[in-house]
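Dear colleague,

I am handing this structure over to you, and I would be grateful if you read the notes below with the model open beside them.

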Amino acid sequence: MGKIVCFPSLSTKQQQRILDAAPGYTLTVGKAKEIDTSELKEAEIILGWSPLVTEHALKENNPLKWVQVWSAGVDNLPFSDLEQKSILLTSANGVHAIPITEIILGMMLSHSRWLRQAMLHQQQAEWKSPSKPLPELHGKTAVIVGVGEIGSETARILKALGMNVIGVRRSGKDVPNVDQMYNMSGLHEALGQGDYVINILPLTDETYHIYNQSAFEHFKSGSCFVNVGRGPSVNTEALLGALDSGQVAFAALDVFEEEPLPADHPLWGKDNVLITPHIAGSTEQYTERALDIFVQNLEAYIAGKTLPLNLVNYSHKY
């Protein structure tokens, strides 16, 4: 009989879905610090993540075989420890496709249709119009860097608005709704074509500070930058320089190198920056969507098949 330990809070109905998919297994649900360490030491499958997993479940003779994290990002996990024990690792990648696409669109529209500026004038009770006609998204070019589940959904929506869509992804493999796809070697060429550049890259050794001074110099002058990927993929000083020079006319940022963003950080004072506090992935549907991923993987695991969703490649770190 195997043991599943689950850190996220689940309803009775949701817990039953797991038990129905894994006959003969037991399920323990609770916050990591509240679960008896003996449960962690005996766990074959862990849903969620805590440093306590490393401390208690990753010991040499423990039965742990698979960790399904509850987040899309896995850059904070101990890859070497997990890989050494040949632990299967899967993420909740894909759960964010709808909410993050929606916030990307909201960020783009807040700039193009003058919504952010109008809100600021509203706070001062000022009836003030833009100094020139407002641009449309229709006919503009969006460069999506990191075309996975989120990027594919974003491309679908932007194409429906009549935008040209260019993609950048590690494999360079084409996907629907992307007019032209580059691999990472073509990043700078792609950046130069974008009226909007949308970063959705994971954080890896390769993507750390990938948006450096050289990258921003390749941006189309007056373009807009949206970052809903990972904060450390951007060299903040280089971004500030690009904003000051006008190379980047507007930046909408949900993630930062340092979080929370310090109150005295210069980004706060920029009129051409929109800041949200790492909320792009927030959705009331999170638990159900993440559980769908886990249950589908669990059914495959019980059947002795390869896990079909979000199996992390340790060499790529995502």
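Which strands does helix H1 lie across, and at about what angle does it run to E2? Helix H1 (residues 12–21) lies across strand E1 (3–6), E2 and strand E3 (45–47), and its direction is at about 150° to that of E2. Axes here are lines fitted to C-alpha atoms, for helices over the stretch in contact, with angles from 0 to 180 degrees between N-to-C directions, and contact means heavy atoms within 4.5 Å. Helices (H or I, at least four residues) and strands (E, at least two) are DSSP runs, numbered from the N terminus.

Before going further, please note that this is a predicted model, in which local features need pLDDT of at least 70 and side-chain atom pairs count only at pLDDT 80 or more, while totals for chains, interfaces and linings use all residues. Residues are numbered from 1 along each chain as its sequence is written, and side-chain values use heavy atoms, with hydrogens and water left out.

**The sheet of 5 strands**

The strands beneath H1 belong to an open sheet with the order E2-E1-E3-E4-E5 and parallel pairing, where two strands pair if DSSP finds at least two bridges between them. Strand E2 (26–29) and strand E5 (88–90) stand at its edges with a single partner strand each, so one side of each has no neighbour in the sheet. On average, neighbouring strands of this sheet are turned by 15° against each other, direction ignored. Strand E4 (residues 66–68) runs parallel to E5 and is joined to it by 3 bridges, and Trp-66 has Leu-88 in E5 as its bridge partner. Helix H11 (residues 286–302) lies across E1, E3, E4 and E5, running at about 160° to E4.

**The sheet of 7 strands**

Another open sheet, also with parallel pairing, has 7 strands in the order E8-E7-E6-E9-E10-E11-E12. Its edge strands are strand E8 (180–182) and strand E12 (273–275), each of which pairs on one side only.

Strand E6 (residues 141–145) is largely enclosed by the rest of the structure, because 5 of its 5 residues are buried, buried meaning under 20% relative accessible area, exposed over 50% and partly exposed in between (1.4 Å probe, protein chains only). Both faces of E6 are covered, with Thr-141, Val-143 and Val-145 on one side and Ala-142 and Ile-144 on the other. E6 runs parallel to strand E7 (residues 164–168), with 5 bridges joining them, and Ile-144 has Gly-167 in E7 as its bridge partner. The chain crosses from E6 through H7 to E7 in a right-handed β-α-β crossover; right-handed means that, with the strands pointing away from the viewer, the path from the first strand over the helix to the second runs clockwise. E6 is also joined to E9 by 4 bridges, again in parallel, and Val-145 stands opposite Asn-199 in E9.

Further along the sheet, 5 bridges join E10 to strand E11 (residues 248–253), and helix H10 (residues 236–245) lies across E10, E11 and E12, running at about 135° to E11.

**Helices H5 and H7**

Glu-153 is found in helix H7 (residues 149–160), and it is buried, with a relative accessible area of 19%. Leaving aside residues up to four places away in sequence, Glu-153 touches Ala-97 and Thr-101, both among the buried residues of H5. Helix H5 (residues 97–112) has 16 residues and reaches 22 Å from its first C-alpha to its last, close to the 22 Å expected at 1.5 Å a residue, the expected span being 1.5 Å times one less than the number of residues.

**Aromatic pairs**

There are 10 aromatic pairs, counted when ring centres of Phe, Tyr and Trp (its six-membered ring) lie within 6.5 Å, with planes under 30 degrees apart called stacked, over 60 edge-to-face and the rest tilted. Phe-79 and Tyr-314 form an edge-to-face pair, 6.1 Å centre to centre with 80° between the planes. Phe-79 lies in helix H4 (residues 79–84) and Tyr-314 in the segment after H11, so this pair ties together parts that are 235 residues apart in sequence. Phe-79 counts as buried at 10% relative accessibility, as does Tyr-314 at 15%.

Ring pairs also link Tyr-211, Phe-216, Phe-219 and Phe-225 into a cluster.

With best wishes
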